[in-house]
Amino acid sequence: MLTSAPVTATVNQRDGRSLHVDKATFAELDLLAIYCALGISAASGGSRRLIR
C-alpha cells in the first residue's frame with residue numbers, strides 16, 4: 001500500500017515574504033496507473049512553490 005506524505009519547506013526571504021515549497025513523497029494514487037504505464041517512478045512526485 002502506497003501512502004503519500006506531503007513535505008513542506010518554508011524559507012523566510014529578505015523582503016519579509018515567505019517561500020513555501022510543497023512536495024509529495026509519492027505520486028497521488030489516481031496518477032499511479034499513468035506513471036506505471038509510462039515506466040516513471042511513483043516516488044518522483046511533484047512540487048509546488050508559493051510566495052506569500
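The side chains of Ser18 and Asn12 meet in a polar contact of 3.2 Å, the term covering a pair of N or O atoms within 3.5 Å in which, within protein, one must be able to donate a hydrogen and the other to accept it, with residues adjacent in sequence counted only if both atoms are side-chain atoms. This is a predicted model, so to speak of local features a pLDDT of at least 70 is needed, side-chain atom pairs count only at pLDDT 80 or more, and totals for chains, interfaces and linings use all residues. Residues are numbered from 1 along each chain as its sequence is written, and side-chain values use heavy atoms, with hydrogens and water left out.

Ser18 belongs to strand 2, where helices (H or I, at least four residues) and strands (E, at least two) are DSSP runs numbered from the N terminus. With a relative accessible area of 17%, Ser18 is buried; the cut-offs are under 20% for buried and over 50% for exposed, with partly exposed in between (1.4 Å probe, protein chains only). His20 also sits in strand 2, which spans residues 18-24. Its relative accessibility is 17%, so His20 goes down as buried. The side chain of His20 has a polar contact of its own, reaching that of Thr10 at 3.1 Å.

Next comes the pairing of the strands. Strand 1 (residues 6-12) runs antiparallel to strand 2, with seven bridges between them; for two strands to pair, DSSP has to find at least two bridges. The two strands make a hairpin with five residues in between, and Gly16 in the turn shows a positive phi of about 95°. Further along, Lys23 of strand 2 has Val7 opposite. Those two residues are 16 apart in sequence, yet their C-alpha atoms lie 5.3 Å from each other. Lys23 has a relative accessibility of 38% and is therefore partly exposed.

As for charges, the count is one salt bridge, meaning a side-chain nitrogen of Lys or Arg within 4 Å of a carboxyl oxygen of Asp or Glu. Asp15 and Arg17 are the partners, with their closest N and O atoms 3.0 Å apart. Arg17 comes out as partly exposed, at 39% relative accessibility.

Helix 1 is another story. It covers residues 29-38, and one of its 10 residues is buried, so the helix lies largely in the open. Leu38 is part of helix 1 and is exposed, its relative accessible area being 61%. Leu38 also joins Leu31, Ile34 and Ile40 in a nonpolar surface patch of about 360 Å². Patches take residues with over 30% relative accessible area and no salt bridge, joining like charges within 9 Å and nonpolar side chains (Val, Leu, Ile, Met, Phe, Trp, Tyr) within 5 Å. After the helix comes Gly39, with a positive phi near 75°.

Zooming out, the protein chain holds one helix and three strands, in the order β-β-α-β from the N terminus. Of its 52 residues, 10% are buried. The chain exposes about 4300 Å², and carbon and sulfur atoms supply 59% of that; accessible areas come from the Shrake-Rupley method with a 1.4 Å probe, and for residues only the protein chains shown count as cover. Among contacts (heavy atoms within 4.5 Å), those between residues 24 or more positions apart account for 34% of the ones with a separation of 6 or more.
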